[in-house]
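Work through the exercises below with the sequence and the structure side by side, and try each task before you read its solution.

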Amino acid sequence: MRGVSKPLPWQLEIARRSLKKKEKIDLLEKRVAVGPNDLCLDLGCAQGILSWFLRKKGGRWVHTDLDFENLRTSRDLLGRGFVQMGTPGLPFKTGSFDRVFCLDFLEHVDDDRTTAGEISRVLKPGGKLVLIVPRTGSFIVMQKIRPAVGLKLEFYGHKREGYSLPELRELLDKAGLRITRQTTYSRFFTELLELFLNAAYVNFFSAKPEAKLRDGHIRPSTPGEFAAQGKAFKLYKLVYPLFALYAQLDRLLFFQRGYALMIWAEKTILEPRQGD
């Protein structure tokens, strides 16, 4: 029927109204380049939201995750190119990829050193890594607020709070990966709003999540979970403009670093360092 627009996939509906995710997507669109012949690994694709925007940049893609449910959900959005991974190793040959994207994944794995080493192994010499993790530090107050509102670390699927830049630099350096650039995003007001929404979902809407996924259950993670929150999401869409306006207060905090850390790294020619 002409004139009737096709509804957006539910994953993109969430992305359009997630202030933190929109900042992340904006960074990926503006600051990440992918060559037309680059073979790229999307490590930890979750429900495919970031993957959808990455694939728009071109290149050839392989998407992987620890959870079959995530791969099945992502396939509905992306169509093809999926491999389920296990631990501790990645199921790919050494030197397979031109680029690896590890977005919101490293903090979810038990052995981050092995994962960093595996990323280095599957990259070609000179290959590029883009990585996003939560940032930790002495003044990250959200880490103190989350438990007070019922948000345990396991609700996020996290094995650790995150990383400081020196910690991350040391971890990647030992794997033979040299950081070439870094930035942060999601300042105080955006992060506080995200915390409020996550707490509301965990405490009032997701008492019985459909699937126990490695990335937690702070938001709907399957089509069924999203459909079950149809009325709540319609209400959220109505108030979202107010939330977006509130998040603009972060402009006053131009001097403050964000709560999420994004880095660019390159595989060095030297072998990874051994030992502690």
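Two residues are in contact when heavy atoms of theirs lie within 4.5 Å. Keep in mind throughout that the model is a predicted one.

**Exercise 1. Helix H8**

Task: Compare the expected span of helix H8 with the distance between its end C-alpha atoms, and then find which helices its buried residues pack against.

Solution: Begin with the length, for which the expected span is 1.5 Å times one less than the number of residues. Helix H8 runs over residues 188–205, and because it has 18 residues it should span 26 Å, which agrees with the 25 Å between its end C-alpha atoms. Next, pick out the buried residues of H8, among them Phe189, Leu193, Leu195, Ala199 and Val202. An α-helix has 3.6 residues a turn, so residues three or four places apart point the same way. Finally, look at what surrounds the buried residues of H8, and you will find that they pack against helix H2 (19–31), helix H6 (142–145), helix H9 (223–228) and helix H10 (230–247).

**Exercise 2. Aromatic rings**

Task: Describe the geometry of the aromatic pair of Phe188 and Phe189, and then that of Tyr236 and Phe243.

Solution: A search of the whole structure yields eleven aromatic pairs. In one of them, Phe188 and Phe189 have ring centres 5.3 Å apart and planes at 80°, and since an angle over 60 degrees is the cut-off, this pair is edge-to-face. Tyr236 and Phe243 form a tilted pair, with 5.8 Å from centre to centre and 40° between the planes. Tyr236 and Phe243 are both buried, and they belong to one aromatic cluster together with Trp10, Phe226, Phe233 and Tyr240. Phe188, by contrast, counts as partly exposed because its relative accessibility is 25%.

Rings can also lie beneath a charge. The charged end of Arg146 sits over the ring of Tyr156, 5.5 Å from the ring centre, while Arg181 lies over the face of Trp264 at 3.9 Å from the centre of that ring.

**Exercise 3. The largest nonpolar core**

Task: Find which residues of the largest nonpolar core touch the most other members, and which element supplies the largest share of the core.

Solution: The core holds 30 residues, and those that touch the most other members are Leu41, Leu43, Val100, Leu106, Leu129 and Leu168. Several elements each supply at least two residues of this core, including strand S1 (39–43), strand S4 (97–103), helix H7 (165–174) and strand S5 (123–134). The largest share, four residues, comes from S5. Leu43 shows how such a residue is surrounded, since its contacts beyond four places in sequence include Met85, Leu90, Val100, Leu103 and Ile119.

**Exercise 4. Cysteines**

Task: How many disulfides are there, and why is Cys40 not bonded to Cys102?

Solution: A disulfide is a covalent bond between the sulfur atoms of two cysteines. The cut-off for such a pair is 2.5 Å between the sulfur atoms, and by this rule the count is zero. For Cys40, the closest cysteine sulfur is that of Cys102 at 14 Å, which is too far for a bond. For Cys102, the closest cysteine sulfur is in Cys45 at 12 Å, which again is too far. Cys40 counts as buried because its relative accessibility is 0%, and Cys102 is likewise buried, with a relative accessible area of 0%.

Conventions: Residues are numbered from 1 along each chain as its sequence is written. This is a predicted model: local features need pLDDT of at least 70, side-chain atom pairs count only at pLDDT 80 or more; totals for chains, interfaces and linings use all residues. Side-chain values use heavy atoms; hydrogens and water are left out. Buried means under 20% relative accessible area, exposed over 50%, partly exposed in between (1.4 Å probe, protein chains only). Rings of Phe, Tyr and Trp (its six-membered ring) pair if their centres lie within 6.5 Å; planes under 30 degrees apart count as stacked, over 60 as edge-to-face and the rest as tilted. A charge sits over a ring if NZ of Lys or CZ of Arg is within 6 Å of the ring centre and within 35 degrees of the ring normal. A nonpolar core is a set of buried Ala, Val, Leu, Ile, Met, Phe, Trp, Tyr and Cys residues joined through side-chain atoms within 4.5 Å.
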